[in-house]
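Good morning, colleagues. Please take a moment with the sequence and the structure on the screen before I begin.

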Amino acid sequence: MHYDGITYRPPIEASSLLLQVTVGCAHNNCTYCNMYKDVSFRIESLEQIEEDLKEAREYIKRAERIFLLNGDAFVLKADYLKAIAVKIREYFPECNTITMYASIQNIKSKTDKELEELRVLGINDLYVGIESGCDEVLAHIQKGHTVKEATEQLQRLNEANINHIALLMLGVAGKGKGIENAKATAEFLNVTKPKIVWVGTLGVFEGTKLYEEVKAGTFVEAPEIENLYRRKNIN
């Protein structure tokens, strides 16, 4: 199996087969993220993907769930994703879910028909980095989408019967803005109806734009007590 750079996957995919189909992240512009700074984005060849599937089949008896790496594998064109799904079914016919990270722009690049075709082939449970339901926050962290765009695209997923997991980030709005951000995000979730809501907490890492903002004092981190208060009021 081929894995380039550090491999990231959601905690609940711990038992899933990890299949690399892209390297890095196509967006790679979020101000808080340093996950893919050491690799350049590229797409794996179908030949390489098939070789990995062959090798995995030698060691794994069953893989009912396969997670496609890396940062936003749903960026791949629909036809290529369909070709990968067909190969997966060839080597792991028992696989019933093919999942991966996806961005709002990734979804937007697919037609309604393409989304429906991908769902038929087993693509489901997309992990979408929402982070916040507030436009001001999304613009600040350079997420690459607006609340309106996210709402429209996630509703398209729902119409195609593709579930999504909404990834949120406590503290991303900064000190003193937690409640406002939480309320806006809750309203967004009530409309878009994710299968699962996964909540993490903002970390500020050296080498990111956000780290420089913290050093300069232009972004003040929310204290942990504010994050806990938000969590209490969201649940």
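What share of the contacts in the chain with a separation of 6 or more is accounted for by residues 24 or more positions apart? The answer is 82%. I should say at once that this is a predicted model, and that every value I quote is computed from it.

Let me turn to the overall architecture. The chain contains 9 helices and 8 strands. Its radius of gyration is 18 Å, close to the 18 Å that the globule rule gives for 235 residues, so the chain is as compact as a globular protein of that length. The C-alpha trace spans about 55 × 35 × 30 Å along its principal axes. Buried residues make up 49% of the 235. The accessible surface amounts to about 11,500 Å², and carbon and sulfur atoms contribute 52% of that.

I come next to the charged pairs. How many salt bridges does a search of the whole structure find? It returns 17, and I shall discuss several of them.

One of these joins the side chains of R42 and D4, with an N to O distance of 2.2 Å. R42 belongs to strand β3, residues 42-43, whereas D4 sits in the segment before β1, so this salt bridge ties together parts that are 38 residues apart in sequence. Both partners are partly exposed: R42 has a relative accessible area of 38%, and D4 has one of 28%.

A second salt bridge pairs K87 with E50, and here the closest N and O atoms are 3.3 Å apart. Why does this pair tie together parts that are 37 residues apart in sequence? The reason is that K87 lies in helix α2, residues 78-91, and E50 in helix α1, residues 46-59. Are K87 and E50 buried or exposed? Both K87 and E50 are buried, which means that each has under 20% relative accessible area.

A further salt bridge is formed by the side chains of E64 and R62, at 2.8 Å from N to O. In this pair E64 is partly exposed, with a relative accessible area of 39%, while R62 is exposed at 53%. Beyond individual pairs, there is also a network of salt bridges, which links E13, R65, D125 and K195.

The surface has a nonpolar feature to show as well. I12, I196 and W198 make a nonpolar patch of about 290 Å². Of these residues, W198 is placed in strand β8, residues 196-201, and it counts as partly exposed at 41% relative accessibility.

Finally, I would like to look at one residue in detail, namely S132. Where is S132 found? It is in the loop between β6, residues 126-131, and α5, residues 135-140. S132 counts as buried, with a relative accessibility of 1%.

Its side chain has two polar partners that I wish to point out. The side chain of S132 reaches the backbone nitrogen of C134 at 3.0 Å, and it also makes a polar contact of 2.5 Å with the side chain of N181. Which residues does S132 contact, leaving aside its neighbours within four places in sequence? They are V137, L138, V172, N181 and T185; N181 therefore appears both in this list and as a polar partner, given that contact means heavy atoms within 4.5 Å. In addition, the C-alpha atoms of S132 and M169 are separated by 6.9 Å, although the two residues are 37 residues apart along the chain.

To close, I return to the opening figure: residues 24 or more positions apart account for 82% of the contacts with a separation of 6 or more. The pair K87 and E50, in helices α2 and α1, offers one case of parts that lie 37 residues apart in sequence and are tied together. Thank you for your attention.

Conventions: Residues are numbered from 1 along each chain as its sequence is written. This is a predicted model: local features need pLDDT of at least 70, side-chain atom pairs count only at pLDDT 80 or more; totals for chains, interfaces and linings use all residues. Side-chain values use heavy atoms; hydrogens and water are left out. A salt bridge is a side-chain nitrogen of Lys or Arg within 4 Å of a carboxyl oxygen of Asp or Glu. Helices (H or I, at least four residues) and strands (E, at least two) are DSSP runs, numbered from the N terminus. Buried means under 20% relative accessible area, exposed over 50%, partly exposed in between (1.4 Å probe, protein chains only). Patches are made of residues with over 30% relative accessible area and no salt bridge: like charges are joined within 9 Å, nonpolar side chains (Val, Leu, Ile, Met, Phe, Trp, Tyr) within 5 Å. Accessible areas come from the Shrake-Rupley method with a 1.4 Å probe; for residues, only the protein chains shown count as cover. The radius of gyration is taken over C-alpha atoms; the globule rule is 2.2 Å times the number of residues to the power 0.38. A polar contact is a pair of N or O atoms within 3.5 Å; within protein, one must be able to donate a hydrogen and the other to accept it, and residues adjacent in sequence count only if both atoms are side-chain atoms.
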